[in-house]
Protein chains: 2
Amino acid sequence: MQAGFIDGGTILANIKDIAKHLGVSVSTVSRAMNNHPDVRQETKLQVMEAIRYFNYRPNALAKGLIQKKTFTIGLMVPDLSDPFPTSLSNAVEETLFEQGYQVVFGNGNRNSEKEKQFLQSAIERQFDGLILTPDFLDDEFIELLSSLEIPIVFLRRRPPEGLSIPYVDVDHYQAATVSMNYLIELGHRQIGFIGMPQSSFIGNERLRGYTDVMRKNGLTPEAGHMIFGGRTIESGREAMGKLFGHNPDLTAVFAANDLLGIGALEWLAMHDIPVPEKVSVIGFDNLEYAGLYWIQLTTMEQPRREMGRRAAQLLLQMIADKEYTPESELMEARLVIRRTCKARLTP
Amino acid sequence: MQAGFIDGGTILANIKDIAKHLGVSVSTVSRAMNNHPDVRQETKLQVMEAIRYFNYRPNALAKGLIQKKTFTIGLMVPDLSDPFPTSLSNAVEETLFEQGYQVVFGNGNRNSEKEKQFLQSAIERQFDGLILTPDFLDDEFIELLSSLEIPIVFLRRRPPEGLSIPYVDVDHYQAATVSMNYLIELGHRQIGFIGMPQSSFIGNERLRGYTDVMRKNGLTPEAGHMIFGGRTIESGREAMGKLFGHNPDLTAVFAANDLLGIGALEWLAMHDIPVPEKVSVIGFDNLEYAGLYWIQLTTMEQPRREMGRRAAQLLLQMIADKEYTPESELMEARLVIRRTCKARLTP
DNA sequence: CTGAAAGCGCTTACAG
DNA sequence: CTGAAAGCGCTTACAG
C-alpha cells in the first residue's frame, strides 16, 4: 500500500503529486492540510486520504522559507557531559515541544569557536529563538548577538551590558549567603572555600556570598582559606588536600559546586577525617550524586526544572510578541540538609 | 558599521541585496560564496567584503531546498536524563560536526509517540541522516522506518528484521559471559542476577550470558536467583533486598547495569553486609558513578566514545554513497576491576 | 568569467 | 469554495 515511486520519477511525494492525483490545485491541497476554513469538508477528507496513501509529509524547508517561521529553537549547553544541565534541558525541551517546537541542542563545548559557530548556524537555519548558556562573551560574540534579530534568552548566564536580553538564573549570591549562614549558625568560624575558576561569574557570586557572610560575622576571609580552579571531583579532591594541608583547623568547607564538594569528601574519607564530626562540607547544585547513600551531601538545590521551563516560557512570549522583552528572573535555591554538616562542638 | 536596514525595507540582507550593492548578478554572488572556480579573484574579494559589511549569512532553508541537502543529522536518545548516553552523544556530535553537520538531538523520552514524532520531524525537515536508539519498535514505527529513504544507523539497538539497517552495539552476551566467568573464576557458585525489564533486548542478552555461563559450569540458574524490573539505583536497592532476603547464601551478584549495581551496594551497605568480603557485586556500563571513592564498582566498560564515533562514521559513509549499506559493528566491552569483587573463601 | 532564467516545494493574497 | 500566479532565497544548467 505504499506509493514509493510516483510516475516512475520522483521518490517522495510532494504537494504537486497529491494535487495531480486528486485533480485539484496545489492551493487547495495546501489549504486542506492547514485546516483553512474555506475548504469543503469533502475535499479536506480526500486530501487527508491522499496524504495517507502517499505517506506525504510537507517539506519544512519550503514551509519555513515562505512563512519565515521554522518552529525550531536552539538551546546552547556549555558541555554535553556536564550532568548539571540535563534536567534543565529536559524541561526546556518539554515546554517547547508542547508548543510544537523542535529544539536543537548546541554543544558549546566550553569552546569559544563552537559557541560562535552555533550562533551562525542558528542564523543560517532561521531558528525562531535561542536559549543560550555561553561561556565566552568576547567582543565578537557580543557583536554577533546584537546583530541578531531573533528572540534570545540567557539561561544560567547574565547577558553582556548594553544588550537587553532577559535571563533566568538562580541568585547565586543570595543562595551562598544561605548556606554560609547555615554553617555559621552551626557554630563554624574556620570555614574554607573551594571555588570554581575565577573567570566564572557564578563562581564569583558564590564567593561573594562567602566573603560577605564571613565579614558580617566579624570573620576575615583569609586568602589561605580560599582556593580556586576547577569544577570537577578531581579538582575538589586536590583542593581539599591543599586547603586542609595548610589549615588543619578548618571545621567547615563551602564547596562552590557539588562535584567539588564530592571531591572534598573523597579526600577527607581517604585521610580518615570524619565528616561531619571533624569537618562539615556543604555543596551547591544538588546533583543526583549528592543523594547517594555514601555521600549524602548537604547542598543548595537549584530549581532546575523550573528554570528550564521559565526560560522556555519567556522565549515563547518573546516569539509571540517581538516588541516585548520580558523581565529576567532570579530564582531562589533551597537548602537541602543531608548528613555532611554538623554543629561544631563548642570547645 | 552595521547595515541593519537596507533600503529602508528588509531587515536582514539576502543575496539579492549583496548583488544589487555590488552591481553584479545574484549568480555571481552565489558562485563567489561557494568558491566556484569560474569567478574572478577580484569579484570574489568584493563579494566577501560586501558579505562582511552586510553581516550576511546565506539562508540554509533556501539552500537546503534546492540542494536537497541540509547538513543536519538527527540523533535520537532514549532519555535525556540517562547519564549513560552522554559521552556517546558527544562523540557522535564531534565526529559529525567535524564534517560540517549540525546534529539535532531528539528526546525519545521512553515514549513511543515521541519517537515517532521525531522521525516525522526528521522527514519534514529533510535531515540527511539519522542515528537512532529507539525503544519502541512497534509496527507503525517499522513502517515509518521502511518508508524512509534517509540513511539510518541504529546505535545500541538492533534493527527490526527485514530492514537492512546497520547498527553499532556492544556484544552484550559476550560481555556478560566475561563478567560471569570472572565471578566463577573467583570461586563463586551462588550467583544472583539483577536484571532490567524483561522487555529489554540488551537486558536479555546479558541475562543469557548469565544463564549460559551458569549452565556451562554445571550450575542451575534458579528462578529465585534472578530478579527483573528496573534500571535505576532505587530498583537495584529493592531488588537486592528481595534477592538477599530469599537467598542469604548468595556470594555474588551480577547487576545488569551500574545503576542497579550501585543500588545493590547501597542496600548491602545499609544492612552492614560487607562488600566484597561477604558478597561480590559486578555491574555493567562503567558510569562515572562507578569510580567514586566509596563505590569502586567492578564492571564491564562499554567503549562509549568509540561506539558513537563509529556510528557517525557509518552514517557518513552511507550519506556519501547511498547505494552502500555498511556492515554492523559489535564491539567488545572490557572488564574494569575495582573493589567490589573478591575470591570466595573456599569453605 | 558573468548573467538571465528556471526551479526547489511550499503559502498566500487576489480573482472568480 | 477553488485556482492561477507570485514569491520565499537560494543554486545551477545554459548561453554568451
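## A tour from DNA strand D to the chain A–chain B interface

Start by selecting DNA strand D. It is surrounded by 28 residues, the closest being A:Thr28, A:Arg31, A:Ile66, B:Ile15 and B:Ser30. A residue is near a strand if one of its heavy atoms lies within 4 Å of it. Of the strand D atoms that come within 4 Å of the protein, sugar and phosphate account for 63%.

Before going on, note that this is a predicted model: local features need pLDDT of at least 70, side-chain atom pairs count only at pLDDT 80 or more, and totals for chains, interfaces and linings use all residues. Residues are numbered from 1 along each chain as its sequence is written, chains are lettered from A and ligands numbered from 1 in the order in which they are written, and side-chain values use heavy atoms, with hydrogens and water left out.

**Stop 1: the phosphates of strand D.** Select B:Ile15. One of its backbone N or O atoms lies 2.8 Å from a phosphate oxygen of DNA strand D. Next, B:Tyr56: a polar side-chain atom is 2.9 Å from a phosphate oxygen of that strand. Then B:Asn59, where a polar backbone atom lies 3.3 Å from a phosphate oxygen of DNA strand D. A polar contact is a pair of N or O atoms within 3.5 Å; within protein, one must be able to donate a hydrogen and the other to accept it, and residues adjacent in sequence count only if both atoms are side-chain atoms.

Now color by element. Helices α2 and α4 of chain A and α2 and α4 of chain B each give two or more residues to the surface near DNA strand D. α2(B) gives the most, with five residues. Helices (H or I, at least four residues) and strands (E, at least two) are DSSP runs, numbered from the N terminus.

**Stop 2: DNA strand C.** Select it next. Here too 28 residues surround the strand, and the closest are A:Ile15, A:Ser30, B:Thr28, B:Arg31 and B:Ile66. Sugar and phosphate make up 62% of the strand C atoms that come within 4 Å of the protein.

Zoom in on B:Arg31. A polar side-chain atom of B:Arg31 is 2.6 Å from a base nitrogen of DNA strand C. At B:Thr43, a side-chain N or O atom lies 2.9 Å from a phosphate oxygen. B:Lys68 places a polar side-chain atom 3.1 Å from a sugar or linking oxygen. Which element gives the largest share of the surface near DNA strand C? Select α2(A): it gives five residues.

**Stop 3: where the chains meet.** Hide the DNA. 50 residues of chain A are in contact (heavy atoms within 4.5 Å) with 50 residues of chain B. The area buried between them is about 4,900 Å², with 61% from carbon and sulfur atoms. Buried area is the accessible area (1.4 Å probe) that two parts lose on being put together, summed over both.

Show A:Arg57 and B:Glu124. Their side chains meet in a salt bridge (2.6 Å, N to O). The rule, a side-chain nitrogen of Lys or Arg within 4 Å of a carboxyl oxygen of Asp or Glu, finds four across this interface. There are also 22 residue pairs in polar contact between chain A and chain B (both at pLDDT 80 or more). Finish here on α6(A), which gives seven residues, the largest share of the side of chain A that touches chain B.

**Last stop: all of chain A.** Zoom out. Chain A has twelve helices and twelve strands. Its C-alpha trace spans about 95 × 45 × 35 Å along its principal axes.
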